[in-house]
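Student: Hi! I have a new model open and would like to talk it through with you. Could we start with how the parts fit together?

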Amino acid sequence: MIELEWLRLYRVQLALRTPFRSAESVQRKKDTYLIQLEASDGATGWSEISAQTDPSYWPETVATCLEIIEHHLVAQLRRGFASAYEIHDALVAVKGNQMARASIEMAFFDLAARTTGVGLWYLLGAAPERTHVPAGVSLSLNENVADLIADLTASRAAGYRHVKIKIAPHHDTILAALTDYQDPSGHRIMDTLVLDANASYASTNRGDLASVDNLGVALLEQPLGEHDFVGHAELARHLRTPIGLDESIAGVDDVMTALQLGMRPTINLKPSRVGGYVESLRIIERCQREGLHLRIGGMLETGIGRAHNLALASHAAFDRVGDLAASDHYFAKDITPAFALEPDGTIARPDGTGLGVVPDSAWLAEVPCREIRIRY
Ligand SMILES: [Mg+2]
(Lines give C-alpha, C1' and ligand atoms only; values in the text may rest on other atoms or scores of the structure.)
Protein backbone atom coordinates (compact mmCIF):
# COMPACT_ATOMS: atom_id res chain seq x y z
CA MET A 1 0.00 0.00 0.00
CA ILE A 2 1.42 3.37 -1.01
CA GLU A 3 0.48 6.34 1.18
CA LEU A 4 1.32 9.75 -0.21
CA GLU A 5 2.62 12.42 2.18
CA TRP A 6 3.82 15.33 0.06
CA LEU A 7 3.20 16.92 -3.30
CA ARG A 8 5.88 19.38 -4.43
CA LEU A 9 5.65 21.84 -7.30
CA TYR A 10 8.97 22.96 -8.78
CA ARG A 11 8.92 26.01 -11.04
CA VAL A 12 10.32 25.40 -14.53
CA GLN A 13 11.29 28.30 -16.79
CA LEU A 14 13.47 27.06 -19.59
CA ALA A 15 14.07 29.08 -22.73
CA LEU A 16 13.47 27.17 -25.95
CA ARG A 17 16.43 27.34 -28.33
CA THR A 18 14.09 28.70 -30.96
CA PRO A 19 10.47 29.89 -30.55
CA PHE A 20 7.95 27.19 -31.48
CA ARG A 21 5.02 28.24 -33.68
CA SER A 22 1.95 26.27 -34.66
CA ALA A 23 -1.25 27.40 -36.38
CA GLU A 24 -2.50 28.21 -32.87
CA SER A 25 0.30 29.85 -30.88
CA VAL A 26 3.93 30.84 -30.41
CA GLN A 27 5.87 29.42 -27.46
CA ARG A 28 9.22 30.92 -26.44
CA LYS A 29 9.93 29.03 -23.24
CA LYS A 30 8.85 25.99 -21.31
CA ASP A 31 6.99 27.64 -18.48
CA THR A 32 5.49 25.04 -16.17
CA TYR A 33 5.94 23.01 -12.99
CA LEU A 34 7.44 19.66 -12.19
CA ILE A 35 5.39 17.50 -9.86
CA GLN A 36 7.08 15.39 -7.20
CA LEU A 37 5.03 12.99 -5.12
CA GLU A 38 6.57 11.59 -1.94
CA ALA A 39 5.24 8.53 -0.14
CA SER A 40 5.39 7.82 3.61
CA ASP A 41 8.43 5.57 3.07
CA GLY A 42 10.30 8.39 1.32
CA ALA A 43 9.90 6.99 -2.21
CA THR A 44 9.31 9.68 -4.82
CA GLY A 45 7.93 9.97 -8.34
CA TRP A 46 8.19 12.72 -10.94
CA SER A 47 6.10 14.19 -13.72
CA GLU A 48 5.50 17.57 -15.28
CA ILE A 49 2.43 19.63 -16.04
CA SER A 50 2.33 19.45 -19.83
CA ALA A 51 -0.22 22.25 -20.36
CA GLN A 52 0.84 25.50 -21.97
CA THR A 53 0.39 28.90 -20.33
CA ASP A 54 -2.37 29.70 -22.84
CA PRO A 55 -5.35 27.55 -23.88
CA SER A 56 -4.57 27.66 -27.61
CA TYR A 57 -3.86 23.95 -28.12
CA TRP A 58 -5.96 22.52 -25.30
CA PRO A 59 -8.49 24.08 -22.89
CA GLU A 60 -6.29 23.59 -19.82
CA THR A 61 -3.45 25.94 -18.88
CA VAL A 62 -0.67 25.69 -16.31
CA ALA A 63 -2.76 27.94 -14.05
CA THR A 64 -5.92 25.81 -14.33
CA CYS A 65 -3.85 22.69 -13.62
CA LEU A 66 -2.45 24.27 -10.43
CA GLU A 67 -5.96 25.24 -9.32
CA ILE A 68 -7.38 21.77 -9.98
CA ILE A 69 -4.43 19.98 -8.38
CA GLU A 70 -4.38 22.04 -5.22
CA HIS A 71 -8.11 22.46 -4.64
CA HIS A 72 -9.56 19.24 -6.04
CA LEU A 73 -7.04 16.47 -6.77
CA VAL A 74 -5.01 16.56 -3.56
CA ALA A 75 -8.21 15.75 -1.64
CA GLN A 76 -8.48 12.51 -3.66
CA LEU A 77 -5.02 11.41 -2.53
CA ARG A 78 -5.66 11.13 1.22
CA ARG A 79 -5.87 7.35 1.34
CA GLY A 80 -3.62 4.41 0.51
CA PHE A 81 -3.31 3.04 -3.00
CA ALA A 82 -2.52 -0.63 -3.63
CA SER A 83 -1.58 -0.02 -7.26
CA ALA A 84 -0.97 2.65 -9.85
CA TYR A 85 -4.35 1.76 -11.34
CA GLU A 86 -6.30 2.57 -8.16
CA ILE A 87 -5.22 6.17 -8.22
CA HIS A 88 -6.84 6.62 -11.63
CA ASP A 89 -10.23 5.69 -10.17
CA ALA A 90 -9.75 8.24 -7.39
CA LEU A 91 -8.69 11.03 -9.76
CA VAL A 92 -11.58 10.63 -12.23
CA ALA A 93 -13.86 12.01 -9.53
CA VAL A 94 -12.64 15.27 -11.07
CA LYS A 95 -14.25 15.67 -14.50
CA GLY A 96 -12.25 16.75 -17.53
CA ASN A 97 -8.97 18.46 -16.62
CA GLN A 98 -7.00 15.61 -18.19
CA MET A 99 -3.59 17.30 -18.02
CA ALA A 100 -4.00 18.12 -14.32
CA ARG A 101 -5.04 14.54 -13.54
CA ALA A 102 -2.27 13.12 -15.72
CA SER A 103 0.41 15.07 -13.87
CA ILE A 104 -0.56 13.31 -10.63
CA GLU A 105 -1.23 9.90 -12.14
CA MET A 106 2.01 9.83 -14.14
CA ALA A 107 4.11 10.86 -11.11
CA PHE A 108 2.40 8.08 -9.16
CA PHE A 109 3.26 5.52 -11.89
CA ASP A 110 6.92 6.60 -11.64
CA LEU A 111 6.77 6.29 -7.85
CA ALA A 112 5.11 2.87 -8.04
CA ALA A 113 7.70 1.62 -10.54
CA ARG A 114 10.57 2.86 -8.32
CA THR A 115 8.94 1.26 -5.26
CA THR A 116 8.64 -2.05 -7.11
CA GLY A 117 12.17 -1.75 -8.49
CA VAL A 118 11.17 -1.91 -12.15
CA GLY A 119 11.41 0.46 -15.07
CA LEU A 120 8.31 2.54 -15.76
CA TRP A 121 8.24 1.00 -19.26
CA TYR A 122 7.83 -2.42 -17.61
CA LEU A 123 4.89 -1.23 -15.53
CA LEU A 124 3.31 0.07 -18.75
CA GLY A 125 3.66 -3.29 -20.50
CA ALA A 126 6.21 -2.02 -23.02
CA ALA A 127 8.48 -4.34 -24.94
CA PRO A 128 11.74 -5.34 -23.16
CA GLU A 129 13.54 -5.45 -26.51
CA ARG A 130 12.48 -1.94 -27.56
CA THR A 131 15.39 -0.29 -25.77
CA HIS A 132 15.48 2.45 -28.41
CA VAL A 133 12.60 4.50 -29.78
CA PRO A 134 12.68 5.89 -33.35
CA ALA A 135 13.04 9.67 -33.22
CA GLY A 136 10.98 12.22 -35.09
CA VAL A 137 11.06 15.97 -34.92
CA SER A 138 8.25 18.51 -35.13
CA LEU A 139 9.37 21.74 -36.78
CA SER A 140 8.02 25.13 -35.87
CA LEU A 141 5.60 26.69 -38.35
CA ASN A 142 7.60 28.98 -40.61
CA GLU A 143 6.16 30.97 -43.48
CA ASN A 144 9.65 31.84 -44.65
CA VAL A 145 9.96 28.91 -47.01
CA ALA A 146 13.76 29.09 -47.31
CA ASP A 147 14.13 28.89 -43.51
CA LEU A 148 11.63 26.05 -43.26
CA ILE A 149 13.40 24.04 -45.94
CA ALA A 150 16.74 24.71 -44.20
CA ASP A 151 15.23 23.34 -40.94
CA LEU A 152 13.93 20.30 -42.78
CA THR A 153 17.31 19.63 -44.39
CA ALA A 154 19.12 20.06 -41.05
CA SER A 155 16.71 17.61 -39.38
CA ARG A 156 17.27 15.02 -42.08
CA ALA A 157 21.03 15.53 -41.91
CA ALA A 158 20.92 15.16 -38.10
CA GLY A 159 19.35 11.73 -38.58
CA TYR A 160 15.66 12.24 -37.80
CA ARG A 161 13.64 9.59 -39.59
CA HIS A 162 10.38 11.46 -39.64
CA VAL A 163 9.72 15.17 -39.70
CA LYS A 164 6.47 16.92 -38.86
CA ILE A 165 5.74 20.27 -40.43
CA LYS A 166 3.08 22.60 -39.11
CA ILE A 167 0.78 23.99 -41.77
CA ALA A 168 -2.19 26.30 -41.93
CA PRO A 169 -4.54 27.29 -44.78
CA HIS A 170 -3.07 29.36 -47.60
CA HIS A 171 0.44 27.99 -47.12
CA ASP A 172 0.65 27.26 -50.82
CA THR A 173 4.29 28.35 -51.09
CA ILE A 174 5.27 25.83 -48.41
CA LEU A 175 3.34 23.07 -50.16
CA ALA A 176 4.96 23.99 -53.50
CA ALA A 177 8.45 23.88 -51.94
CA LEU A 178 7.74 20.48 -50.41
CA THR A 179 6.54 19.11 -53.75
CA ASP A 180 10.02 19.41 -55.24
CA TYR A 181 11.99 18.73 -52.06
CA GLN A 182 14.81 16.20 -51.92
CA ASP A 183 16.88 15.65 -48.80
CA PRO A 184 20.72 15.98 -48.74
CA SER A 185 21.11 12.42 -49.99
CA GLY A 186 18.76 13.04 -52.89
CA HIS A 187 15.72 11.25 -51.43
CA ARG A 188 12.18 12.44 -51.78
CA ILE A 189 10.80 12.10 -48.28
CA MET A 190 7.04 12.36 -48.62
CA ASP A 191 6.51 8.95 -47.04
CA THR A 192 8.25 10.16 -43.87
CA LEU A 193 6.59 13.57 -43.69
CA VAL A 194 3.68 14.46 -41.40
CA LEU A 195 1.73 17.67 -41.90
CA ASP A 196 0.01 18.97 -38.77
CA ALA A 197 -2.73 21.54 -39.32
CA ASN A 198 -3.68 21.91 -35.62
CA ALA A 199 -7.39 22.24 -36.50
CA SER A 200 -6.72 25.29 -38.67
CA TYR A 201 -8.84 24.17 -41.64
CA ALA A 202 -11.92 24.16 -39.42
CA SER A 203 -13.44 27.36 -40.71
CA THR A 204 -12.01 27.62 -44.22
CA ASN A 205 -12.69 26.17 -47.60
CA ARG A 206 -11.78 22.53 -47.27
CA GLY A 207 -10.98 22.60 -50.98
CA ASP A 208 -7.59 23.93 -49.86
CA LEU A 209 -6.87 20.42 -48.67
CA ALA A 210 -6.78 19.12 -52.26
CA SER A 211 -3.28 20.58 -52.69
CA VAL A 212 -2.21 18.94 -49.42
CA ASP A 213 -3.61 15.65 -50.66
CA ASN A 214 -1.61 15.88 -53.89
CA LEU A 215 1.68 15.85 -51.96
CA GLY A 216 1.30 12.23 -50.91
CA VAL A 217 2.63 12.76 -47.37
CA ALA A 218 2.53 10.00 -44.76
CA LEU A 219 -0.09 11.69 -42.60
CA LEU A 220 -2.27 14.78 -42.34
CA GLU A 221 -2.85 15.47 -38.66
CA GLN A 222 -5.93 17.18 -37.25
CA PRO A 223 -7.08 19.30 -40.20
CA LEU A 224 -10.45 20.13 -38.60
CA GLY A 225 -11.75 21.15 -35.17
CA GLU A 226 -11.33 18.85 -32.20
CA HIS A 227 -15.05 18.08 -31.92
CA ASP A 228 -15.62 17.66 -35.67
CA PHE A 229 -15.59 13.88 -35.91
CA VAL A 230 -18.24 13.94 -38.64
CA GLY A 231 -16.18 16.37 -40.71
CA HIS A 232 -13.03 14.30 -40.29
CA ALA A 233 -14.88 11.11 -41.25
CA GLU A 234 -16.25 12.82 -44.36
CA LEU A 235 -12.80 14.15 -45.24
CA ALA A 236 -11.26 10.71 -44.78
CA ARG A 237 -13.64 9.38 -47.46
CA HIS A 238 -12.40 11.97 -49.97
CA LEU A 239 -8.66 12.23 -49.30
CA ARG A 240 -6.04 9.64 -50.20
CA THR A 241 -3.74 10.94 -47.46
CA PRO A 242 -4.23 9.13 -44.14
CA ILE A 243 -5.74 11.38 -41.46
CA GLY A 244 -4.41 11.54 -37.92
CA LEU A 245 -6.37 12.69 -34.88
CA ASP A 246 -4.58 14.57 -32.12
CA GLU A 247 -6.62 17.30 -30.36
CA SER A 248 -9.79 15.20 -30.96
CA ILE A 249 -8.59 12.34 -28.77
CA ALA A 250 -9.25 13.02 -25.08
CA GLY A 251 -9.89 9.37 -24.25
CA VAL A 252 -10.70 5.95 -25.65
CA ASP A 253 -14.34 6.96 -26.26
CA ASP A 254 -13.11 9.39 -28.92
CA VAL A 255 -11.27 6.58 -30.69
CA MET A 256 -14.53 4.60 -30.63
CA THR A 257 -16.46 7.56 -32.06
CA ALA A 258 -14.07 7.82 -34.99
CA LEU A 259 -14.31 4.07 -35.61
CA GLN A 260 -18.09 4.12 -35.47
CA LEU A 261 -18.12 6.86 -38.12
CA GLY A 262 -16.09 4.63 -40.42
CA MET A 263 -12.74 6.36 -39.90
CA ARG A 264 -9.50 4.51 -39.36
CA PRO A 265 -7.42 7.38 -38.04
CA THR A 266 -3.80 7.24 -36.97
CA ILE A 267 -3.92 8.14 -33.29
CA ASN A 268 -1.50 10.76 -32.02
CA LEU A 269 -1.33 9.85 -28.33
CA LYS A 270 -0.16 12.32 -25.72
CA PRO A 271 -0.60 10.60 -22.37
CA SER A 272 -1.15 13.89 -20.57
CA ARG A 273 -4.00 14.90 -22.91
CA VAL A 274 -5.99 11.76 -22.10
CA GLY A 275 -5.59 11.96 -18.31
CA GLY A 276 -2.54 9.73 -17.89
CA TYR A 277 -1.45 6.16 -18.37
CA VAL A 278 -4.57 4.17 -17.53
CA GLU A 279 -6.54 5.86 -20.30
CA SER A 280 -3.46 5.70 -22.58
CA LEU A 281 -3.35 1.93 -22.09
CA ARG A 282 -7.05 1.67 -22.96
CA ILE A 283 -6.35 3.55 -26.19
CA ILE A 284 -3.32 1.36 -26.91
CA GLU A 285 -5.39 -1.78 -26.41
CA ARG A 286 -8.14 -0.48 -28.68
CA CYS A 287 -5.68 0.54 -31.41
CA GLN A 288 -4.07 -2.90 -31.28
CA ARG A 289 -7.44 -4.65 -31.45
CA GLU A 290 -8.63 -2.52 -34.38
CA GLY A 291 -5.29 -2.39 -36.16
CA LEU A 292 -5.07 1.42 -35.95
CA HIS A 293 -1.67 3.05 -36.33
CA LEU A 294 -0.34 4.77 -33.23
CA ARG A 295 2.29 7.46 -32.74
CA ILE A 296 3.48 9.40 -29.71
CA GLY A 297 2.93 13.16 -29.62
CA GLY A 298 4.84 15.80 -27.71
CA MET A 299 4.30 18.98 -25.70
CA LEU A 300 7.87 20.41 -25.82
CA GLU A 301 8.54 18.51 -22.60
CA THR A 302 11.57 18.83 -20.34
CA GLY A 303 13.64 15.70 -19.74
CA ILE A 304 11.08 14.49 -17.18
CA GLY A 305 8.20 14.52 -19.64
CA ARG A 306 10.51 13.19 -22.37
CA ALA A 307 11.45 10.20 -20.18
CA HIS A 308 7.74 9.53 -19.62
CA ASN A 309 7.12 9.65 -23.38
CA LEU A 310 10.07 7.34 -24.08
CA ALA A 311 8.76 4.77 -21.60
CA LEU A 312 5.30 4.76 -23.18
CA ALA A 313 6.51 4.96 -26.80
CA SER A 314 8.61 1.83 -26.29
CA HIS A 315 5.31 -0.08 -26.15
CA ALA A 316 5.04 -2.40 -29.16
CA ALA A 317 1.73 -0.81 -30.22
CA PHE A 318 3.51 2.36 -31.41
CA ASP A 319 4.08 1.43 -35.04
CA ARG A 320 4.60 4.94 -36.43
CA VAL A 321 7.49 7.31 -35.70
CA GLY A 322 6.24 10.01 -33.35
CA ASP A 323 7.31 13.44 -32.14
CA LEU A 324 10.14 12.43 -29.85
CA ALA A 325 13.29 14.44 -30.51
CA ALA A 326 16.57 14.78 -28.65
CA SER A 327 16.83 17.25 -25.76
CA ASP A 328 19.19 19.54 -27.68
CA HIS A 329 16.51 20.22 -30.28
CA TYR A 330 14.56 22.10 -27.62
CA PHE A 331 16.90 23.32 -24.89
CA ALA A 332 20.52 24.47 -24.58
CA LYS A 333 20.57 22.70 -21.21
CA ASP A 334 17.80 20.45 -19.96
CA ILE A 335 16.98 19.74 -16.30
CA THR A 336 17.81 16.03 -16.63
CA PRO A 337 20.71 14.32 -18.39
CA ALA A 338 20.16 15.01 -22.09
CA PHE A 339 18.50 12.48 -24.39
CA ALA A 340 20.67 12.25 -27.48
CA LEU A 341 19.90 11.18 -31.04
CA GLU A 342 21.74 7.94 -31.79
CA PRO A 343 23.44 7.46 -35.18
CA ASP A 344 20.63 5.11 -36.23
CA GLY A 345 17.95 7.78 -35.69
CA THR A 346 16.69 6.50 -32.33
CA ILE A 347 16.72 7.71 -28.73
CA ALA A 348 17.63 5.28 -25.94
CA ARG A 349 14.95 4.51 -23.40
CA PRO A 350 16.48 5.28 -19.99
CA ASP A 351 17.56 2.28 -17.96
CA GLY A 352 16.98 2.01 -14.26
CA THR A 353 13.92 2.00 -12.05
CA GLY A 354 10.95 4.27 -12.66
CA LEU A 355 11.62 6.96 -15.25
CA GLY A 356 15.34 6.22 -15.11
CA VAL A 357 16.12 9.91 -14.63
CA VAL A 358 15.55 12.57 -11.96
CA PRO A 359 15.95 16.34 -12.20
CA ASP A 360 19.44 17.75 -11.75
CA SER A 361 19.97 18.32 -7.99
CA ALA A 362 21.76 21.66 -8.47
CA TRP A 363 18.84 22.88 -10.61
CA LEU A 364 16.32 21.69 -8.00
CA ALA A 365 18.16 23.56 -5.25
CA GLU A 366 17.90 26.81 -7.23
CA VAL A 367 14.26 26.90 -8.31
CA PRO A 368 11.22 27.88 -6.22
CA CYS A 369 9.37 24.93 -4.71
CA ARG A 370 5.94 24.86 -3.12
CA GLU A 371 5.11 21.95 -0.82
CA ILE A 372 1.57 20.70 -0.27
CA ARG A 373 0.97 18.35 2.63
CA ILE A 374 -1.29 15.51 1.45
CA ARG A 375 -1.92 13.71 4.75
CA TYR A 376 -2.30 15.34 8.16
MG1 LIG B 1 -0.69 17.78 -33.46
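Student: How many residues of domain 1 are in contact with domain 2, and how many of domain 2 with domain 1?

Tutor: Happy to help! Bear in mind that this is a predicted model. In it, 35 residues of domain 1 are in contact with 30 residues of domain 2.

Student: Which elements are on the side of domain 1 that touches domain 2?

Tutor: Those that give two or more residues to that side are strand 1 (4-21), strand 2 (26-39), strand 3 (44-48), helix 2 (84-91) and helix 3 (98-116). The largest share, 9 residues, comes from helix 3.

Student: And how do the residues on that side divide by class?

Tutor: The side of domain 1 that touches domain 2 has 20 nonpolar, 7 polar and 8 charged residues.

Student: Let me back up a bit. Where do the two domains run in the sequence?

Tutor: Domain 1 covers 4-117 + 359-373, and domain 2 covers 123-348. Their centres, taken over C-alpha atoms, are 24 Å apart.

Student: Now the strands. What is the strand order in the open sheet of 4 strands?

Tutor: The order is 3-2-1-13, and the pairing is antiparallel. Strand 3 and strand 13 (369-373) are the edge strands, each pairing on one side only. From one strand to the next, the twist averages 25°.

Student: How many bridges join strand 1 to strand 2?

Tutor: There are 13 bridges between strand 1 and strand 2, which run antiparallel. To pick out one, Arg8 has Gln36 in strand 2 as its bridge partner.

Student: Which helices lie across strand 2 and strand 3?

Tutor: Helix 3 lies across both strands and runs at about 145° to strand 3. Helix 11 (residues 303-313) also lies across strand 2 and strand 3, but runs at about 100° to strand 3.

Student: Changing topic: at what angle do helix 9 and helix 10 pack?

Tutor: Helix 9 (residues 252-260) and helix 10 (residues 277-290) pack at about 25°, with their axes 8 Å apart. Angles under 35 degrees count as roughly parallel, so helix 9 and helix 10 are roughly parallel to each other.

Student: Which residues meet there?

Tutor: From helix 9 you have Val252, Val255 and Leu259, and they meet Glu279, Arg282, Ile283, Arg286 and Glu290 of helix 10. By class, the contact has 4 nonpolar, no polar and 4 charged residues.

Technical notes: Residues are numbered from 1 along each chain as its sequence is written. This is a predicted model: local features need pLDDT of at least 70, side-chain atom pairs count only at pLDDT 80 or more; totals for chains, interfaces and linings use all residues. Axes are lines fitted to C-alpha atoms, for helices over the stretch in contact, and angles run from 0 to 180 degrees between N-to-C directions. Angles under 35 degrees count as roughly parallel, over 145 as roughly antiparallel, 65 to 115 as roughly perpendicular and the rest as oblique. Two residues are in contact if their C-beta atoms, placed from the backbone, lie within 7 Å. Ala, Val, Leu, Ile, Met, Phe, Trp, Tyr, Cys and Pro count as nonpolar, Asp, Glu, Lys and Arg as charged, and the others, Gly among them, as polar. Domain bounds come from an automatic or database domain assignment. Two strands pair if DSSP finds at least two bridges between them.
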